[in-house]
Amino acid sequence: MQIKIRLTEEQSKALSGDNSILKGNTTEYIVSEVLYQLGAEEVYRYQDLDNQINRGDFRIKVADKIIQAEVKTSHQFQRKDKQAMDIFYFTYSRKYGLLPYYQGKSTGSYEGWLYLTQADWLICFNPISRKMYIIKEYQKLKEQIIKDTEEYINKLPKCERTWYRRGHNNQINKYLEGAVKQDSCKESLIVNLELSPESFNHFNVNYDILEIKLTTDRRIRSRQNKNHSQSPNKEWLNP
């Protein structure tokens, strides 16, 4: 199924740029427009809520159903679409070793969004392949990813249980691999999930994969959702 979305010139540049905030905003715009084209009655974007990390990014209303969705921009590695998922955050001290890093301003927890988000769906958009992945059983997927990851960690030698060594192939299973991402103030333990029918079938979750055709309209300077009234797509809404 292919869906057409028009972007402004600024939005098109954001998708190929390095600014994660602008890229994320554009991804959320694309996802909301796709959902409206599929028949959503309302797509409400959560902003500045204390429990947003638990709710997800969007509240979707369609056919008298309310669906909470987490929206992410995915990346590509070796021509495969993948989604990075934050497990937890830590810092290293010579005196105390590894210490949990608490994200005080955002969540107050050292656990990543994979643990904290209670959304129904996970929606991933890849700006390179221009595919959108709607995983409709996110909580089921999340439980399996956490289980597989914890089993992998527990099999490592005790000295390596901080987790992955850099430059080491941390293949949890065929569709999951681990990595450590270093920021200026912390390190993030992540898993990369392969986004593919084979992967979703392996985890036995319901999904849709959409092809998104993006065009750039230089005449459009701003975006306003005007009339999104459509008949709900019954097949798409099926959980």
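Me: What makes the meeting of the E70 and K72 side chains a salt bridge?

Reply: A salt bridge is a side-chain nitrogen of Lys or Arg within 4 Å of a carboxyl oxygen of Asp or Glu. For E70 and K72 the N to O distance is 3.3 Å, so the pair meets that cut-off. A word on the source: this is a predicted model, where local features need pLDDT of at least 70 and side-chain atom pairs count only at pLDDT 80 or more, while totals for chains, interfaces and linings use all residues. Residues are numbered from 1 along each chain as its sequence is written, and side-chain values use heavy atoms, with hydrogens and water left out.

Me: Is E70 buried or exposed, and how do you know?

Reply: Buried means under 20% relative accessible area, exposed means over 50%, and partly exposed is in between (1.4 Å probe, protein chains only). E70 has a relative accessible area of 4%, so it counts as buried.

Me: What is the salt bridge partner of K136, and how close do the atoms come?

Reply: That's D208, at 2.8 Å from N to O. The two sit in distant parts of the chain, 72 residues apart: K136 is in the loop between β9 and α5, and D208 is in strand β13. K136 is buried at 7%, whereas D208 is partly exposed at 22%. Those β and α names come from DSSP runs, numbered from the N terminus: helices are H or I with at least four residues, strands are E with at least two.

Me: How do you know that E42 forms a salt bridge with R59?

Reply: Their closest N and O atoms are 3.1 Å apart, which means they satisfy the salt bridge rule. E42 is in strand β2 and R59 in strand β3, with their positions 17 residues apart in the chain. Both ends are partly exposed: E42 has 31% relative accessibility and R59 has 26%. Across the whole structure, a search finds nine salt bridges.

Me: Why does K142 stand out, given that it is buried?

Reply: K142 is buried yet has no salt bridge. Lys and Arg count as positive, Asp and Glu as negative, and His and the chain ends are not counted. The nearest side chain of opposite charge is E143, at 7.3 Å, so that pair misses the salt bridge cut-off. K142 lies in helix α5 (residues 138-154). Setting aside neighbours within four places in sequence, K142 is in contact (heavy atoms within 4.5 Å) with L114, Y115, T117 and Q118.

Me: What makes β3 and β4 a pair?

Reply: Two strands pair if DSSP finds at least two bridges between them. Strand β3 (residues 58-62) and strand β4 (residues 65-73) have five, in the antiparallel sense, so they count as paired. One of the links is F58 with its bridge partner A69. β4 also pairs with strand β8 (residues 121-126), in the parallel sense over five bridges, and there A69 has W121 as its partner.

Me: What is unusual about phi of A63?

Reply: Phi of A63 is near 50 degrees, a positive value in a residue other than glycine. A63 belongs to the loop between β3 and β4, in a hairpin with two residues between the strands. N204 is another case, with a positive phi of about 60 degrees although it is not a glycine.

Me: Why are β1 and β2 called edge strands?

Reply: Each of them pairs on one side only. The open sheet has seven strands in the order β1-β13-β9-β8-β4-β3-β2, with mixed pairing. At one end, six bridges join β1 to strand β13 (residues 207-216), and these two run parallel.

Me: What makes a set of residues a nonpolar core, and which residues touch the most other members of the largest one?

Reply: A nonpolar core is a set of buried Ala, Val, Leu, Ile, Met, Phe, Trp, Tyr and Cys residues joined through side-chain atoms within 4.5 Å. In the largest one, with 27 residues, I30, V34, I123, M132 and I212 touch the most other members. Helix α2 gives the most to this core, with six residues. Not counting residues up to four places away in sequence, I30 touches L7, L15, F125, M132, I212 and L214. A second, separate core of 26 residues includes I145, I172, L176 and L193.
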